[in-house]
Amino acid sequence: MKAVIALPFLWLGVFFLLPFALVLAIALGINAPDSVPPVELGFSLKNFVLLFTDDLYLAAWLTSLRIAATSTAVTLLLGYPMAYAIARAAPECRPLLLMLVVLPFWTSFLIRVYAWMGLLDENGLLNQFLRWSGIAADPAPILGTEWAILLGIVYAYLPFMVLPLYATLEKLDAGLLEAAADLGARPITAFLTITLPLSLPGIVAGCLLVFIPAVGEFVIPDLLGGTETLMIGKVLWDEFFTNADWPLASAIAICLLVLLVGPIALFQRQQARSLERRS
Amino acid sequence: MSEPIIRIEGLTKRFGAVSAVDKVDLEVARGELFALLGGSGCGKTTLLRLLAGFETPDSGRLLIDGHDMTGVPPHLRPINMMFQSYSLFPHMTVAENVGYGLRREGVAKTETATRVAQALEQVKLSDFATRRPAQLSGGQRQRVALARALVKRPKLLLLDEPLAALDRKLREGTRFELVRLQAELGLTFVMVTHDQEEAMSMASRMAVMEAGRVVQVGSPHEVYERPTSRFVADFIGIANILAAPDGRWLALRPEKIVLSAAPPDTAHTAAGRIVDIAYEGGRSLYRVALDDGHVMTAATANVARIPDISFRRGESVWLGWAEDAGHLLDE
């Protein structure tokens with residue numbers, strides 16, 4: 001019994017805590033381009049100070065937050081009706097509809113993002129269609145803009161929003177909506193006062209599942225975005241591979257984690273508390 | 001006579017090939033405590049859901065207070081319902097649950113608070129206003145559901161198996177409580193139940209349903225003493241069904257039969273042997289195999305704590321009943 005509990009902790013210790021300690025150690029070190037690895041260990045806060053003083057990093061951080069927040073909001077607006085429709089569909093249809101939601105996972109993420117490049121290119125399918133249909137004679141390129149990044153993130157992360165929402169909506173007792181209607185609530189009022197508050201755990205879970213990886217997203221901004229949109233994940237990559245500045249890249253990773261995990265952990269603790277009060 | 005609060009004309013609801021409610025005609029007068037009684041799948045719940053507007057009929061008409069309810073959605077009907085599983089809103093307190101319907105009507109905040117407090121008083125839950133449904137016992141939840149419906153002052157309250165989720169002791173108390181509230185508030189209750197005892201003890205009138213149809217409507221006394229069919233006679237209480245001389249059937253209730261060691265001095269007698277005794281405290285049921293092979297059930301009221309004579313299994317006994325003890329069935 002104890003071994004069963006210890007195993008996941010051991011796993012986390014070896015594959016999360018230990019690497020995290022290494023990253024932290026590197027972040028506190030100094031860049032040494034000539035040695036292998038290019039780090040001189042020590043205790044220097046220089047990298048962290050740079051992160052908070054150089055506008056570039058702050059801007060990248062804010063851009064990341066903005067893009068992640070926008071795409072989370074859009075996936076929520078798209079995902080909620082989808083999850084609702086699946087949860088309300090005939091029980092025999094639901095597995096098929098859920099299958100359709102997770103179907104994209106059967107293809108490699110990278111390939112799907114490349115496919116979007118083909119669609120959004122200057123002479124891609126989308127612009128060809130716009131020209132052919134006469135909607136726009138000379139459509140602007142979408143690839144390389146922030147719109148393309150948003151589109152890519154929304155597309156890639158939509159299932160992570162739909163699935164937790166579906167899980168809570170499917171559990172929702174339809175009798176509660178009948179009770180609300182019986183007490184004089186119009187369907188929209190019943191939705192706002194019963195369905196929405198009771199699906200809040202699913203909304204929170206879905207938003208976290210989309211927002212957290214979207215903030216640090218690298219592949220989508222790198223492939224679909226242009227040079228002017230700087231997201232923190234891309235900055236991290238550049239520091240690590242282009243500039244070979246391991247300590248600075250590690251400091252970015254640490255900040256990303258602390259700035260993201262801190263508020264989320266707090267939020268979740270509050271959620272758990274309000275749930276306790278409820279039951 | 002004033003317009004009945006409910007008038008149902010030829011109401012039919014089909015699910016696929018099955019007629020859950022089949023050409024039902026029914027009227028419920030103002031101030032009645034009306035029970036829809038039947039086994040599972042008889043259509044009583046569907047009929048209640050048609051009244052509330054959760055199902056749409058395939059044909060027929062439903063008038064509430066003289067108004068045709070065809071096409072009227074549930075939230076616009078002058079009806080409230082107490083759901084079998086109560087359907088309390090888990091994310092709201094007791095007071096919020098009870099006040100929900102008033103907020104939908106746009107009742108002012110102060111009036112809502114007063115009426116909620118009053119409704120909670122009525123069901124003796126004043127001390128529980130800030131609790132959540134999950135923190136209440138089954139009986140308390142049932143009372144919240146009742147208060148939530150009553151606070152709207154509906155003309156008509158529908159109750160779907162109101163006592164089914166309570167344990168037996170609580171059920172008896174709640175039964176009287178519901179009847180008292182109904183009489184005090186002067187409301188019309190329509191109650192669905194599968195429990196004949198519940199229907200008999202509470203209802204002023206009842207409809208017995210079978211396979212989507214109403215097979216008999218009447219006061220509990222009428223339905224018990226003058227059942228119109230073998231189904232009703234058999235479904236309500238215990239009935240001995242005997243062949244009458246003219247080819248019809250006679251329903252004879254066990255308590256109308258006297259059991260004695262010597263041939264009794266009654267219009268009808270039969271001799272037999274006791275094959276089974278069920279002691280129920282207040283009464284005992286005896287299953288007696290007659291000499292002609294039929295088995296009849298007779299009941300004795302256990303009036304004395306220590307009876308003078310007691311019958312045993314296997315003993316030969318006589319059954320006797322008066323000329324008018326049985327009721328001739330129409331079908």
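Does Asp65(B) count as buried, exposed or partly exposed, and how many C-beta neighbours does Asp65(B) have inside 10 Å? Hold that thought while we get our bearings. What you see is a predicted model, in which local features need pLDDT of at least 70 and side-chain atom pairs count only at pLDDT 80 or more, while totals for chains, interfaces and linings use all residues. Residues are numbered from 1 along each chain as its sequence is written, and chains are lettered from A and ligands numbered from 1 in the order in which they are written.

Let's begin with chain B as a whole. Along its principal axes, the C-alpha atoms of chain B fill a box of roughly 75 × 45 × 40 Å. Chain B has 8 helices and 18 strands; these are DSSP runs numbered from the N terminus, with helices being H or I of at least four residues and strands E of at least two. The domain assignment splits off domain 1 (6-230) and domain 2 (252-329), with bounds that come from an automatic or database assignment. Taken over C-alpha atoms, the centres of these two domains of chain B are 40 Å apart.

How much of chain B is tucked away? Of its 331 residues, 37% count as buried. Here, buried means 20 or more other C-beta atoms within 10 Å of a residue's own, exposed means 12 or fewer, and partly exposed is in between, with C-beta atoms placed from the backbone. Helix 1 (residues 44-52) of chain B is a good place to see this: 9 of its 9 residues are buried, so helix 1 is largely enclosed by the rest of the structure. Among them are Lys44(B), Arg49(B) and Leu50(B). Right after helix 1 of chain B comes Gly53(B), with a positive phi near 100°.

Now back to Asp65(B), which has 16 C-beta neighbours inside 10 Å and so counts as partly exposed. You'll find Asp65(B) in the loop between strand 4 (59-64) and strand 5 (67-68) of chain B. Most residues other than glycine have a negative phi. Asp65(B) isn't a glycine, yet its phi is positive, about 55°. Lys124(B) is not a glycine either, and has a positive phi of about 60°. Look for Lys124(B) in the loop between helix 3 (109-122) and helix 4 (138-150) of chain B. Lys124(B) is exposed, with 12 other C-beta atoms within 10 Å.

Next, see where the chains meet. The contact takes 19 residues from chain B and 17 from chain A, where two residues touch if their C-beta atoms, placed from the backbone, lie within 7 Å. On the chain B side, strand 6 (79-82) and helix 2 (94-105) are the elements that give two or more residues. Helix 2 of chain B gives the most, with 4 residues. By class, the chain B side has 8 nonpolar, 6 polar and 5 charged residues; Ala, Val, Leu, Ile, Met, Phe, Trp, Tyr, Cys and Pro count as nonpolar, Asp, Glu, Lys and Arg as charged, and the others, Gly among them, as polar.

Finally, hop over to chain A. The axes of helix 7 (residues 146-171) and helix 10 (residues 200-215) of chain A come within 8 Å and cross at roughly 160°. That makes helix 7 of chain A roughly antiparallel to helix 10 of chain A, a term for angles over 145 degrees. The contact between these helices includes Phe160(A) of helix 7 and Leu209(A) of helix 10. It has 14 nonpolar, 3 polar and no charged residues.

Note on methods:
Axes are lines fitted to C-alpha atoms, for helices over the stretch in contact, and angles run from 0 to 180 degrees between N-to-C directions. Angles under 35 degrees count as roughly parallel, over 145 as roughly antiparallel, 65 to 115 as roughly perpendicular and the rest as oblique.
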